[in-house]
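Visitor: I would like a close look at a single topic, the salt bridges, with each term explained. Please take it slowly and say where the partners sit.

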Amino acid sequence: MKARPSLNAVAAPIFGEFLLGMTVAMAGLYLASDTSDAAAGTFGLTQQVLETLFVIFRVLAIGLGVMVTQLIGSGQPDAVKRTSYMALAASTWAGLLAASWLLFGKALTLDVLNAPAEVVPLAISYMLLLAPAMVLEAYNISMAAVLRAHLFARESLFIMIAMHGCHLLLAFVFMRGLGSWDGWGLNGYAVAFLLSRGLGLLLHLRFWQRRMDLRPQLHHWWSLPMRTLGPVLRIGLPGAAQELGYRLAFMVSLSATARLGVAALATHSYTLQTLKYVLLISMAIGWACEIMVGRLVGAGRLREADQMVKKGVRNGMLASGSLVLIAALAAPWIMRAFTKDPAIIEAAQTLLWISVALELGRVFNLVVIGALRATGDVNYPVYASIGSFALLLGAGSYFMGRAWGLPGIWLAYVADECLRGLLMWWRWRGKGWLPHARETLRGLRKPR
């Protein structure tokens, strides 16, 4: 490992991956909006359901990424291989669980979310077609985490270019048709999703073999060694519990939005997709910080880990602050890519101005939480967030949405992100993570 790992060198390819993923999602929303606002609302609603289910996969990705980086930093190649192979079997079972929910729980989910009547039939068929892709998505997320932990971020970026490029091309054809064929509409996006994730799996297998000499056997895809899974879950479960808490509270806000009607749901979807571009850089910096802090903790270089996180927060604030201001100023033009309705365009612009405060608060959560996790301080982010999720994001969205509509819901988002962000920064600056980092280092030095 280099004397001082470059944060930007790791973050740049990860940023590229996120940019590709967001672009495909934005293109899907655009293609859906070209059909109708109901199709756009269906797309946005279902994306939130998928992101909630992906929490299951992130249990593995979070724990796997941190565990592998720590093991690499402490110089244990055999343990790295065992942990990587274990991720495949865990992904199989996690993917099957998510697929089962889409197959058998879709009606209940839409009912809980108060999906408008125009959305329900579209969403049911769309979720049904997405279900088979869940196992493939679980594999891709876990295998990408292993590649990044080995600092093969460029290889991971190449895979994402191929996978998302395939998705975008097929989605355009399948949704809009070709020649005399009218296409499948929104369902075409789901079919393209499945095929592109199959391509991603094949490419991941190739790079696992060529770059890391990892050659999975049949039993690696289903047999779970609990001794290896345990440490990964100890890291991943608290992080996933926090994300699940966020997703559940966010679902309350989504339900409050759905009560406002199809126009509000479409505005919500358009604004969220735009903001995803704003937070890309901070997300990439956060992931890069987590990777590098895990390696530095494994090598016992705690002072450098502290400097890495401070640099990450500074860079994230500058990047996100600049981008959200540009998005707010350009809102009248950005929103015309989705809709010609002047009321929706004006409402989205209001939300984007409120989002200036939202994104600045979010930087601390995106960067510092991953760093805390990488040091072994996995429980604090959960305990510090739970009240904010329940009172501000969940209940706050519900009551403020009833009082002030979408702007009220967005103000609840701001309050939640800023409070949690300040709590995370207080933990890092106060060195509350340091005892956990030292304990993690002692555990890694024990013979395995």
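Guide: A salt bridge is a side-chain nitrogen of Lys or Arg within 4 Å of a carboxyl oxygen of Asp or Glu. The model is predicted, with local features needing pLDDT of at least 70 and side-chain atom pairs 80 or more, while totals for chains, interfaces and linings use all residues. Residues are numbered from 1 along each chain as its sequence is written, and side-chain values use heavy atoms, without hydrogens or water.

The mean pLDDT (the predictor's confidence in each residue, from 0 to 100) is 90 for this protein, and 98% of the residues reach 70 or more. Helices here are DSSP runs (H or I, at least four residues), numbered from the N terminus. Helix H1, residues 7-35, has the lowest mean pLDDT among the elements, 84, whereas helix H8, residues 186-212, has the highest, 96.

The structure holds 18 salt bridges. One of them pairs the side chains of Arg176 and Asp34, at 3.0 Å from N to O. Because Arg176 belongs to helix H7 and Asp34 to helix H1, this pair ties together parts 142 residues apart in sequence. Arg176 has 38% relative accessibility, so it counts as partly exposed (buried is under 20% relative accessible area, exposed over 50%, partly exposed in between, with a 1.4 Å probe and protein chains only). Asp34, at 47%, is partly exposed as well.

Another bridge joins Lys81 and Asp213, with 3.7 Å from N to O. Lys81 lies in helix H3 and Asp213 in the loop between H8 and helix H9 (226-258), so parts 132 residues apart in sequence are tied together. Relative accessibility is 30% for Lys81, which is therefore partly exposed; Asp213 is partly exposed too, at 41%. Asp213 follows H8 and has a positive phi, near 55°. H8 itself has 27 residues and spans 38 Å from its first C-alpha to its last, close to the expected 39 Å (1.5 Å times one less than the number of residues).

A third bridge is formed by Glu417 and Arg362, whose closest N and O atoms are 3.5 Å apart. Here Glu417 sits in helix H15 and Arg362 in helix H14 (residues 342-375), and the pair links distant parts of the chain, 55 residues apart. Shared partners join Glu359, Arg362, Asp416, Glu417 and Arg420 into one network of salt bridges. Both Glu417 and Arg362 are buried.

H15 runs over residues 380-429 and has 50 residues, yet its end C-alpha atoms are only 14 Å apart, short of the 74 Å that a straight helix would reach. A kink of about 145° lies at Trp404 in H15, shortly before Pro407; the bend is the angle between axes fitted to the seven residues ending there and the seven starting there. After H15 comes Lys431, with a positive phi near 65°.

For contrast, consider a nonpolar part of the surface. Trp93, Leu96, Leu218, Trp222, Leu224 and Met226 form a nonpolar patch with about 680 Å² of accessible area together (Shrake-Rupley method, 1.4 Å probe). Patch residues have over 30% relative accessible area and no salt bridge; nonpolar side chains are joined within 5 Å, like charges within 9 Å. Leu96 is located in H3 and, at 39% relative accessibility, is partly exposed.

Notes
Helix = DSSP H or I, 4+ residues; strand = E, 2+ residues; numbered from the N terminus.
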